[in-house]
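Hello,

Here is the structure I promised to pass on to you. Have a look at it first, and then read on for my notes.

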Amino acid sequence: MRRANQRSSIGELCDFVNGNGFRPPDWKQSGLPIIRIQNLNGSTSFNYFDGEPKQKWIVEPGDLLFAWAGVKGVSFGPTIWPGPRGVLNQHIFRVVPKKGVDKYWLYLALQVATVRIEANAHGFKSSLVHVQKDDITEQAIDLPPLPEQRKIAEILRTWDEAIEKLDALRAAKLRRHRALTHSLVFGTRQLDRFRTTDEVATHRWFTLPATWSIKPIGKLAREISERNGDAEQHEVLSCSKYDGFVRSLEYFKKQVFSADLSGYKKIWRGDFGFPSNHVEEGSIGLQNLMEVGVVSPIYTVFRFAPEKVDADYAFAVLKTGLYRHIFEVSTSASVDRRGSLRWTEFSKLPFPVPSLAEQKAIAEVLRTAKVDLDALSAEIEALSRQKRGLMQKLLTGEWHVKVEAH
């Protein structure tokens, strides 16, 4: 039986304190770190404020924050700040629960409300949202008694802890996989840092076996620019910086692409692609999800000649930390505050070419090593689905939790 909870607005349960608009003249090399939206996503790169902060700007480890401008499903919504102590930048609220409201339960309730807020929000682009305070505070939620809030929080925290442990294990295995890739392709030499595009063009980093060659990508691959027809229906794909191509709707849990796909590009199985304004993050992929999908017009799509380059070997090389840095230093003028790398310049980048048999052998070693990594990813996704289902049941009152009397 569904219990009768108190129906409340979010604004009745907590206070929202906005951050300060720190500007470049305020940025210093030391002082209190300025907590910006990218820091909510895990970035440890900070600017600092060395002045006298107002108390309302201060954020302590464990504080509940809410980013009210950002990317749907990524940087928009609630976060429990893990530290360090700092000052809060604009576009982020510090959320202070009122008496009788458990902070972690509120964090979970805000996660559920965020889905509704995003669905109704109007943003700069299809994936970027920017809301007013009332858009958050007027959301209605079911408020159980405090003991039940704490019990719900305790149950869901066990799922979070399990997911966090698996995430940490996956990150460690991913680092080992990347180190293995680097050693198989580039040997044991430590990764240097290119500083200029000239260093990339002259191959100053590469010291490869004598039987290997170095060739521009354009000598090994060609650009593919096949537009999707007006009546053609193909699934939209996106490229993640870690895993390569993903199904867009499945990955983002919502539509972040245009309704009109006629101008999108086809990408066939075995083709590579990257968004020209994200590739410096390592967002490049090999399409092996389906026979043919489509990607945004901002993507560059290309195909290696199979008699010259094994696709799995090429994917491993292009996903290394070295190539992520090559992409970063090779980007041109700012596009949407990001770099831009088009095929004209991308095709000039150097690529290490062993024999085709050696390429296939390297790819097979890496493929075997990745099996365990993929199993961990599947386990994390399964636990995440379970947690989402539990949240929906527990936070709407559909399922009742038993609280023991003391």
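Of the 406 residues in the chain, 46% are buried. Please keep in mind that this is a predicted model. The secondary structure consists of 11 helices and 22 strands. Among contacts with a separation of 6 or more, 76% join residues that are 24 or more positions apart. The chain exposes about 21000 Å², and carbon and sulfur atoms supply 51% of that area.

I spent most of my time on how the helices pack, so that part comes next.

**α3 against α5**

Helix α3 covers residues 103-120 and helix α5 covers residues 146-186; their axes are 8 Å apart and the packing angle is about 70 degrees. That makes α3 roughly perpendicular to α5, since angles of 65 to 115 degrees are put in that class. The crossing of these two helices, α3 and α5, is left-handed. On the α3 side, the residues involved are Tyr104, Trp105 and Leu108. They meet Gln149, Ile152, Ala153, Leu156, Arg157 and Asp160 of α5.

**α3 against α11**

Helix α3 also crosses helix α11 (residues 356-395), at roughly 100 degrees, with the axes coming within 11 Å. The two helices, α3 and α11, are therefore roughly perpendicular to each other. From α3, the contact uses Trp105, Leu108, Ala109, Gln111 and Val112, while α11 brings Lys387, Met391 and Leu395. You may like to select Trp105 and Leu108 in your viewer: both are among the α3 residues that meet α5, and both are also part of the contact with α11.

**α8 against α11**

How do α8 and α11 cross, left-handed or right-handed? The crossing is left-handed. Helix α8 spans residues 311-318, and its axis comes within 8 Å of that of α11, at an angle of roughly 65 degrees. These helices, α8 and α11, are therefore roughly perpendicular to each other. Here Asp312, Tyr313 and Ala316 of α8 meet Gln359, Ile362, Ala363, Leu366 and Arg367 of α11.

**Thr181**

Which residues does Thr181 touch, leaving aside those up to four places away in sequence? They are Ala316, Thr320 and Leu366. Thr181 itself lies in α5. Its relative accessible area is 5%, so Thr181 is buried, the limit for that label being under 20%. Two of its partners have come up already: Ala316 is one of the α8 residues that meet α11, and Leu366 is one of the α11 residues on the other side of that pairing.

**The annotated stretch**

UniProt, in an unreviewed entry, lists residues 366-393 as "coiled-coil region". In the model, residues 366-393 are 100% helix and 0% strand. The C-alpha atoms at the two ends of this stretch are 41 Å apart.

**α9 and Ser296**

Helix α9 (residues 321-330) is mostly covered, with seven of its 10 residues buried. The buried ones are Leu322, Tyr323, His325, Ile326, Phe327, Val329 and Ser330.

Ser296 sits in the loop between β20 (292-295) and β21 (299-304). Is Ser296 buried or exposed? Ser296 has a relative accessible area of 19%, so Ser296 counts as buried, because the label applies under 20%. Measuring C-alpha to C-alpha, Ser296 is 8.5 Å from Ser258, and the two are 38 residues apart in sequence.

Best wishes

How values were computed
Residues numbered from 1 in each chain as written. Predicted model: local features only at pLDDT ≥ 70, side-chain atom pairs only at ≥ 80, totals over all residues. Heavy atoms only, no water. Helix = DSSP H or I, 4+ residues; strand = E, 2+ residues; numbered from the N terminus. Buried < 20%, exposed > 50% of the residue type's maximum accessible area, 1.4 Å probe, protein only. Contact = heavy atoms within 4.5 Å. Areas by Shrake-Rupley, 256 points an atom, 1.4 Å probe, with all protein chains shown as cover. UniProt positions renumbered as here; feature names shortened; annotations may be inferred. Axes fitted to C-alpha atoms, helices over the stretch in contact; angles between N-to-C directions. Parallel < 35°, antiparallel > 145°, perpendicular 65-115°, else oblique. Left-handed = near helix turned anticlockwise from the far one by under 90°.
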